[in-house]
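Biologist: I'm new to this structure and would like to learn how to read it. Please take me through it one feature at a time.

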Amino acid sequence: MAKVLIDKVTKSFGAVNVIRGVSVDIEDGQFVALVGPSGCGKSTLLRMVAGLEDITGGEIRIGDRVVNDLPPKKRDIAMVFQSYALYPHMTVASNMAFSLDLAKVDKAERDRKVNAAADMLGLTPLLDRYPRQLSGGQRQRVAMGRALVRAPAVFLFDEPLSNLDAKLRVQMRAELKELHQRVRTTTVYVTHDQVEAMTMADKIVVMRDGVIEQIGSPLELYDQPANLFVAGFIGSPSMNFITGRMDDNGFTSDGGVPLTGLTGPSHATTFGIRPEHIQLGGDIELRVSVVEPMGSETVIIGKLAGHQMMAVFRERVAIAPGDTIGVTLSYAQGHFFDSDGRRILPPATN
């Protein structure tokens, strides 16, 4: 295991800057997720850590070594890709042992490592099968096993669950987290799915346009987003936003609708609230357009103060499209943002 330090790293393709001075400190044994929309630079950053992309500027350390100029095979890393990249003519055992064979590891040691990894991943009954005889989830386990047998200092995952169906993704998420808890190897995990990041990572790095918007634990990002982008990206369903203005009478939306009981900072121009924090019953009118019964909860989509809003009620409610319902926007759980999109703290309540 090893610490990873990414210090003021930049990456340019000609005149295009895709990574702009990124710094991340990853502790030994930590599980860190890089998240953000497509094109934000997260996969490029991971590939630079792996040595698959050259670094334009800055420094990357793995352990006590600067690895900027080291080839991938000398960085003591193992990478799992979105595609399984298994050799179709090799059995599961042979695929998992491939790197050990290249390193000319003794056969007894090779078999011990493969069997230990297979037992950990539930692959022991499948060692003699070929990739074509496996399901998607089983192939992904083989790809992880191939990385695991190397006992690297750092695991790198590049959207490894993207090709799996929804149910299998949930299962593999849990298995990956359990695997990390067992081996405690430093892990850097790239995903566009913030739910994956929230459920698995110790620390999340939110990126946009080649820069870092915020770094923190999953709950820090959820409860204290630094700006509008992070607030809208972290959380599912995403946070609702109402633009408007604050004056002595409280917050009034751009549609001219006053929001009862919301008194925030004088320079607030956007109020944000998560769907699950909207409470049923109150003086603010929400005109319902869509009702989605989910069993354990009911999702309501409609118009409030001229803005489309989504509310999640944990109880079952008798609401139909076209209804107008009264709701309360929780002041304590809301967020205020200024004209630059930065989160600002509301004044203390009485």
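Modeller: Let's begin with a convention: a helix crossing is left-handed if the near helix is turned anticlockwise from the far one by less than a right angle, and right-handed if clockwise. Helices (H or I, at least four residues) and strands (E, at least two) are DSSP runs, numbered from the N terminus. What you see is a predicted model, where local features need pLDDT of at least 70 and side-chain atom pairs count only at pLDDT 80 or more, while totals for chains, interfaces and linings use all residues. Residues are numbered from 1 along each chain as its sequence is written, and side-chain values use heavy atoms, with hydrogens and water left out.

Biologist: Okay, how many helices and strands are in the chain?

Modeller: The chain has 8 helices and 20 strands. Its C-alpha trace spans about 75 × 45 × 35 Å along the principal axes. Of the 350 residues, 49% count as buried, where buried means under 20% relative accessible area, exposed over 50%, and partly exposed in between (1.4 Å probe, protein chains only). Take the contacts in the chain with a separation of 6 or more: residues 24 or more positions apart account for 65% of them, contact meaning heavy atoms within 4.5 Å.

Biologist: Back to that crossing, then. At what angle do α2 and α4 pack?

Modeller: Two packed helices are described by the angle between their axes and the distance between the axes. Here α2 and α4 pack at about 35°, and their axes are 7 Å apart; axes are lines fitted to C-alpha atoms, for helices over the stretch in contact, with angles from 0 to 180 degrees between N-to-C directions. The crossing of α2 and α4 is right-handed.

Biologist: Which residues in α2 and α4 meet?

Modeller: From α2 come V92, N95, M96 and S99, which meet V142, G145 and R146 in α4. This contact has 3 nonpolar, 3 polar and 1 charged residue. In that scheme Ala, Val, Leu, Ile, Met, Phe, Trp, Tyr, Cys and Pro count as nonpolar, Asp, Glu, Lys and Arg as charged, and the others, Gly among them, as polar.

Biologist: Let me pick one of those: why does N95 count as buried?

Modeller: N95 counts as buried because its relative accessibility is 0%. Leaving out residues up to four places away in sequence, N95 touches L86, Y87, M90, P131, V142 and R146. Helix α1 (residues 42-50) is mostly covered too, with 7 of its 9 residues buried.

Biologist: On to empty space. What is the volume of the largest pocket?

Modeller: Rolling a probe the size of a water molecule over the atoms shows where empty space is left. On a 1 Å grid over the protein atoms alone, a cavity is a set of points where a 1.4 Å probe fits but cannot get out, and a pocket is an open set with protein on both sides within 12 Å along at least five of seven lines; lining residues have an atom within 4 Å of a point. Points are joined across faces, edges and corners, and a volume is the space filled by probe spheres set on them. The largest pocket comes to about 520 Å³. Among its 20 lining residues, I77, A78, M79, S99 and R150 are the closest to the centre. Helix α2 gives the largest share of this lining, 4 residues, and the classes are 16 nonpolar, 1 polar and 3 charged.

Biologist: And which helix gives the most to the lining of the second largest pocket?

Modeller: That's α3 (residues 107-121), with 5 residues. The volume of the second largest pocket is about 200 Å³, and its lining includes R112, K113, M120 and A151.

Biologist: How many cavities of 30 Å³ or more are there?

Modeller: There are 3. The largest cavity has a volume of about 50 Å³, and F31, F155, F157, L176, L179, H180, V183 and T187 line it. Helix α5 gives the most to that lining, 4 residues.

Biologist: Last topic, the backbone. What is phi of A151?

Modeller: Most residues other than glycine have a negative phi, and most peptide bonds are trans. A151 has a positive phi near 50°, sits in the loop between α4 and β7 and counts as exposed because its relative accessibility is 56%. K8, also not a glycine, has a positive phi of about 50°; K8 lies in strand β1 (residues 4-13). As for peptide bonds, the one from S236 to P237 is cis, with omega near -5°, and P237 lies in the loop between α8 (228-233) and β11 (240-247).
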